[in-house]
Amino acid sequence: MASQSSISEALQWAFAVLNETSESAHVDAEVLLTQCLNKNRSYLYTWPEKALSVEQWQQFQAMVAKRQKGMPVAHIVGEREFWSLPFIVNDSTLIPRPDTEILVETALNLPLADNAKVLDLGTGTGAIALALASERPNWRITALDKVEDAVMLAKANRDNLNLPQVDILLSDWFSAVENRDFNLIVSNPPYIDEEDEHLSQGDVRFEPQSALTAAEQGYADLYHIAGCAKKYLVPGGQLLVEHGYQQALAVRNKLIELGYVDVATVRDFGSNDRCTLGRWPG
């Protein structure tokens, strides 16, 4: 390629480079180029003949090279949209997934009071807690993570989104909220089997394994949360957890075994079992 290129030429080059390594080569190239140009995607096709500056072209080439090596687009651009909100992302925790939006939607549909007390366990970027806060500003939301860098990232997202009412704390699961109770506890914990072959493929290679995998074939953290949450839920309080699409039956059975009632699983937008909820009697 020349030292400079038009938008259409740059996209065609990137499509060809990324097509062998990415299943989303077209989208990847578009997102990276919009980042370089600081424009939206429609601009790329409105002005296809517009030339990139030397700096823009060099930046785009460098970004494409990183993506070609497998680095997630979200890490390259430093941002991922979730619940129509922009979240800063880095390699300290998971990139927010669209599938998790069903957990947010399910939580918002629960019959909770305007001043409900909500706990988000393993908050990562803060995506779940901050999405809930954006919709329910009067909920008293506490978000916890045991990784200090993730807590710092979640706080940065809280400040960036101007949602100061969310309390974000360093905590090993429930350790920072002893003697407190909640109307709703939500969590997207690690739930992938430590031996899962997919851990060596795709974007997850660049994410911390501690945020992805759990012992006992992926069930250890799910079961730990379900067992401990009883102590922290008010009578009638709800537990809502995300899990793998093949884990729904086992999670429902565990909640029923522990004494939760009205246990149910909700499917994500791809019709996969994605999250399960149960109510603590009272």
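Let's begin in the second largest pocket, which holds about 510 Å³ of space. A pocket here is an open set of points on a 1 Å grid over the protein atoms alone, where a 1.4 Å probe fits, with protein on both sides within 12 Å along at least five of seven lines. This is a predicted model, in which local features need pLDDT of at least 70, side-chain atom pairs count only at pLDDT 80 or more, and totals for linings use all residues. Residues are numbered from 1 along each chain as its sequence is written.

Around this second largest pocket stand 25 lining residues (an atom within 4 Å of a point), and V31, V77, E79, R80 and E81 lie nearest its centre. Two or more lining residues come from each of α2 (25-37), α5 (73-77), β1 (79-82) and β2, and α2 gives the most, with five.

Now turn to helix α8, residues 148-160. At 1.5 Å a residue its 13 residues should span 18 Å, and the end C-alpha atoms are indeed 18 Å apart, which agrees. Its buried residues (under 20% relative accessible area, 1.4 Å probe, protein chains only) are A150, V151, L153, A154, N157 and R158. Because they cover an arc of only 160 degrees around the axis, they sit on the same side of α8. The general rule behind such spacing is that an α-helix has 3.6 residues a turn, so residues three or four places apart point the same way.

What do the buried residues of α8 pack against? Their partners are β2 (85-88), α7 (127-135), β4 (140-145) and β5 (167-170). On the face turned away from this buried side, α8 carries E148, M152 and D159, which are exposed (over 50%). After α8 comes N162, with a positive phi near 55 degrees.

Definitions and conventions:
Heavy atoms only, no water. Helix = DSSP H or I, 4+ residues; strand = E, 2+ residues; numbered from the N terminus. Expected span 1.5 Å × (residues − 1). Arc of directions from axis to C-beta. Contact = heavy atoms within 4.5 Å. Points joined across faces, edges and corners; volume = space filled by probe spheres on them.
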